Amino acid sequence: MEIDYYEILEISKTANGDELKKAYRKLALKYHPDRNQGDKEAEEKFKLVNEAYQVLSDPQKREIYDRYGKDGLNGAGGGFGGFGGFDADFDLGDIFSSFFGGGTSQKRKKRGEKYPLDLEIAIEIKFNEAVFGCEKEIEFKNKIPCKTCNTTGSKDGKKATCTHCGGSGRITQRSGFMNFIQDCPYCKGTGEVIKEKCPDCKGKGYEEQVQNLTISIPEGIDNGMRIRVANKGNVSASGTKGDLYIVVNVKDDEHFVRHENDIYIEIPVFFTQAALGESITIPTLRGTKTLELPVGAKDKERFVFEGEGVKDVNSKRMGKFIVQISVQMPKKVSEEQAELLKKLQESYGIKSGESTAENKGLFDKIAGWFKGE
């Protein structure tokens, strides 16, 4: 069964350039070898994602693919002449780096290293901790060089040339008209292999140590944001330290809903309060406020308090606090209450069993249809 490039990138055939780039960025990050070391399935998916992007991002190749499929790209598209010997080599690492600007740090894993120096962990904090900031004690593991084998992973400290890549650390695989160059999976891009593993690190070349750290969560941080702590990542054989990146996940609140720096809350209001335009006390992030309802306030009507939302973590500007009212109707009424409501209804000139005056014109209009007016 032929692979479908659109299915691989999880986009429709009508996707534009921006949608294509967005899909590629998401999947390339998900399946990149640096994040999935030793995962063969992720490695294959990463190659397919890159192959699909290389074709669909080129207007000429995409047109050929849409008309003739993958065979058309290979010169077998029902009489189409192909690319006339076109061939290309693509370095998966170089493609990724150029597309994403070299990653978030200059201390990413270099070819031949056992592990990347930068380290990423995730923590979860409460809604109010994100809004007002706090300090958190975190525990994590980072990698340090194995002292026994001096990061070689070898029992005797010696290594042999990898026979699969010939010591280059790179292998080439052909797919259609393209050659994909990637780190050798047998030596992990080092060009060398060990014959007998170090008994302490089991051939990994590193050990893991538990670290405890107190970090400051800035006021206004939002879900998915990252905090960088310099020199708290993994440590290389030369003593170079990577950075620690902390991804913050924020728990939802039971009542407040956050969108960027604005806060939303729904407040129940009894129908008489809405009708009379009463003043009610509402909870906010920083205490209570008085909400002045207009006479005849409508269900789902919104009221905005400027500067009462969340402080932007960068600009320090304050967001809005937005109140949406939910007009509550009585579920049961007593005989006495029913009489009072009828009197109120009649005082507005509304007779029992009749529509409001606003709808009278509608009834007249419909009646006119049948009279041919």
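**Exercise 1. The surroundings of Asn 142**

Find which residues Asn 142 is in contact with, leaving aside its neighbours within four places in sequence.

*Solution.* Keep in mind that this is a predicted model.

- Step 1: Locate the residue. Asn 142 sits in strand β3.
- Step 2: List the contacts. Beyond those sequence neighbours, Asn 142 touches Leu 119, Glu 207, Glu 208, Gln 209, Gln 211, Gly 233, Asn 234 and Val 235.
- Step 3: Look at one of these partners, Gly 233. Its backbone oxygen is reached by the side chain of Asn 142 at 3.0 Å.
- Step 4: Decide on burial. Asn 142 has a relative accessible area of 1%, so this residue is buried.

**Exercise 2. Charged partners**

Work out which parts of the chain are joined by the salt bridges of Glu 124, Glu 208 and Arg 228.

*Solution.* Here is the idea behind the exercise: side chains of opposite charge can pair when their charged atoms come close.

- Step 1: Start with the total. There are 11 salt bridges in the structure.
- Step 2: Take Glu 124, whose side chain forms a salt bridge with that of Lys 251, at 3.9 Å from N to O. Glu 124 belongs to strand β2 (residues 119–125), while Lys 251 is in the loop between β10 (244–250) and β11 (257–259), so the pair ties together parts 127 residues apart in sequence. Glu 124 counts as exposed at 52% relative accessibility, and Lys 251 as partly exposed at 40%.
- Step 3: Move to Glu 208, which forms a salt bridge with Lys 143, again through the side chains, at 3.9 Å from N to O. This pair links strand β8 (residues 206–217), home of Glu 208, with strand β3 (residues 134–145), home of Lys 143; the two residues are 65 residues apart. Glu 208 is partly exposed, with 46% relative accessibility, whereas Lys 143 is buried, with 18%.
- Step 4: Finish with Arg 228 and Asp 243, whose closest N and O atoms are 3.0 Å apart in their salt bridge. Arg 228 lies in strand β9 (residues 226–229) and Asp 243 in the loop between β9 and β10, 15 residues apart. Asp 243 is buried, at 3% relative accessible area.

**Exercise 3. A cysteine puzzle**

Explain why Cys 201 and Cys 149 are not bonded through their sulfurs.

*Solution.* First, the chemistry: a disulfide is a covalent bond between the sulfur atoms of two cysteines.

- Step 1: Recall the cut-off. The two sulfur atoms must be within 2.5 Å.
- Step 2: Check the distance. The cysteine sulfur closest to that of Cys 201 belongs to Cys 149 and is 3.7 Å away, so it is too far for a bond.
- Step 3: Compare with the whole structure, where a search finds 0 disulfides.
- Step 4: Add the burial. Cys 201 is buried at 2% relative accessibility.

**Exercise 4. Aromatic rings**

Classify the pairs Tyr 6 with Tyr 65 and Phe 256 with Phe 321.

*Solution.* The search of the whole structure gives 8 aromatic pairs.

- Step 1: For Tyr 6 and Tyr 65, the centres are 6.1 Å apart with 40° between the planes, and the pair is tilted. Tyr 6 is in helix α1 (residues 5–8) and Tyr 65 in helix α4 (residues 59–68), so this pair ties together parts 59 residues apart in sequence. Both Tyr 6 and Tyr 65 are buried.
- Step 2: For Phe 256 and Phe 321, the ring centres are 6.0 Å apart and the planes stand at 70°, so this pair is edge-to-face. Phe 256 is in the loop between β10 and β11, and Phe 321 is in strand β16 (residues 321–328).
- Step 3: Widen the view. Phe 256 and Phe 321 belong to one aromatic cluster with Phe 127 and Phe 305.

Methods:
Residues are numbered from 1 along each chain as its sequence is written. This is a predicted model: local features need pLDDT of at least 70, side-chain atom pairs count only at pLDDT 80 or more; totals for chains, interfaces and linings use all residues. Side-chain values use heavy atoms; hydrogens and water are left out. A salt bridge is a side-chain nitrogen of Lys or Arg within 4 Å of a carboxyl oxygen of Asp or Glu. Helices (H or I, at least four residues) and strands (E, at least two) are DSSP runs, numbered from the N terminus. Buried means under 20% relative accessible area, exposed over 50%, partly exposed in between (1.4 Å probe, protein chains only). A polar contact is a pair of N or O atoms within 3.5 Å; within protein, one must be able to donate a hydrogen and the other to accept it, and residues adjacent in sequence count only if both atoms are side-chain atoms. Contact means heavy atoms within 4.5 Å. Rings of Phe, Tyr and Trp (its six-membered ring) pair if their centres lie within 6.5 Å; planes under 30 degrees apart count as stacked, over 60 as edge-to-face and the rest as tilted.
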